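Welcome! Take a look at the sequence and the structure below, then work through the exercises that follow.

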Amino acid sequence: MASANSTYGQKESTDQNFDFMFKILIIGNSSVGKTSFLFRYADDSFTPAFVSTVGIDFKVKTIYRNDKRIKLQIWDTAGQERYRTITTAYYRGAMGFILMYDITNEDSFNAVQDWSTQIKTYSWDNAQVLVVGNKCDVEDERVVASERGRLLSEQLGFEFFEASAKDNINVKQTFERLVDIICERMAESLDNNDPTITGAKQGPQLTEQSTRSQDCAC
C-alpha cells in the first residue's frame, strides 16, 4: 500500500494520455540511496537527510522515447528485511528493476546476488534489470571498485551504471537506458508475436527498436 507521500503519483496516475505504462521498482539494501535516486529523477531534488522508507512508495513520471509517450510508475521499496514480504508482492507486473548498492558499503554490494535471486523468484521472466552503484560522488570512501560492480553485473546478465543522486550523475541516463531496454524487448516480442510482454494500453504499438544509449560510468 502506497504511503500518503504518494499524492503526486496518485494524481498523475489518472492521466490516460500515454502509449505505454511501465512499472519500475528500485530495490536494494536500506540506506543505499533508493529514495534520493527517485526524488532526483522525478523532482530534481536532493536532501542529505536519511529517512528510511516505510514499506513502499511511488512517483509517476512521463517521458518521450522514440516518439512514444511513456508513463513510468516508479516504486521505491524499503530495504529492511521486515518489509520484504510487503515489497516482494509488488514485483509482479514490474517491467524493470534498478538494483542498487552503495559503493561505500560492502554489505550492500554483497547483497546484490540475493536481490537478483528475489527478482527471478517473484517477478516475471521478461523483467529487465540494471545494476547501479550509487554514491560515486564520495570516491574517497569507496570500498567497491567499479570493475567489481561491472563484473558482477555481467555475471548476472545485467547492464551496469555508477551514479550519484547527490551530484545528479547518471540518474536520468539510468532510467532512460532501462526504458530503452524494455522497449527493445517489447519490439522483439511484437516481431515474434510473443503475447507474454505487457505494458501497453489499448492504442499504438511500438514497432521499431530503440536506439541504444551510451553505457557510461562515473
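**Exercise 1: Helix 6 and its surroundings**

Contacts, meaning heavy atoms within 4.5 Å, show that the cover over the buried residues of helix 6 includes strand 4 (96-102), helix 4 (106-110), helix 5 (112-122), strand 5 (128-134) and strand 6 (159-162). Helices (H or I, at least four residues) and strands (E, at least two) are DSSP runs, numbered from the N terminus. This is a predicted model, where local features need pLDDT of at least 70, side-chain atom pairs count only at pLDDT 80 or more, and totals for chains, interfaces and linings use all residues. Residues are numbered from 1 along each chain as its sequence is written, and side-chain values use heavy atoms, with hydrogens and water left out.

Task: find which residues of helix 6 are buried and which are exposed on the other side.

Solution:
1. Buried means under 20% relative accessible area, exposed over 50%, and partly exposed in between (1.4 Å probe, protein chains only).
2. In helix 6 (residues 146-156), the buried residues are Gly149, Leu152, Ser153 and Leu156.
3. Seen down the helix axis, these fall within an arc of 100° (taken from the directions from the axis to the C-beta atoms), so they line one face of helix 6.
4. On the other side, Glu147, Glu154 and Gln155 are exposed.

**Exercise 2: Strand 5**

Task: work out how strand 5 is enclosed and paired.

Solution:
1. Seven of its seven residues are buried, so strand 5 is largely enclosed by the rest of the structure.
2. Strands pair if DSSP finds at least two bridges between them; strand 4 and strand 5 do this in the parallel sense over seven bridges.
3. Strand 5 also pairs with strand 6, in the parallel sense over four bridges.
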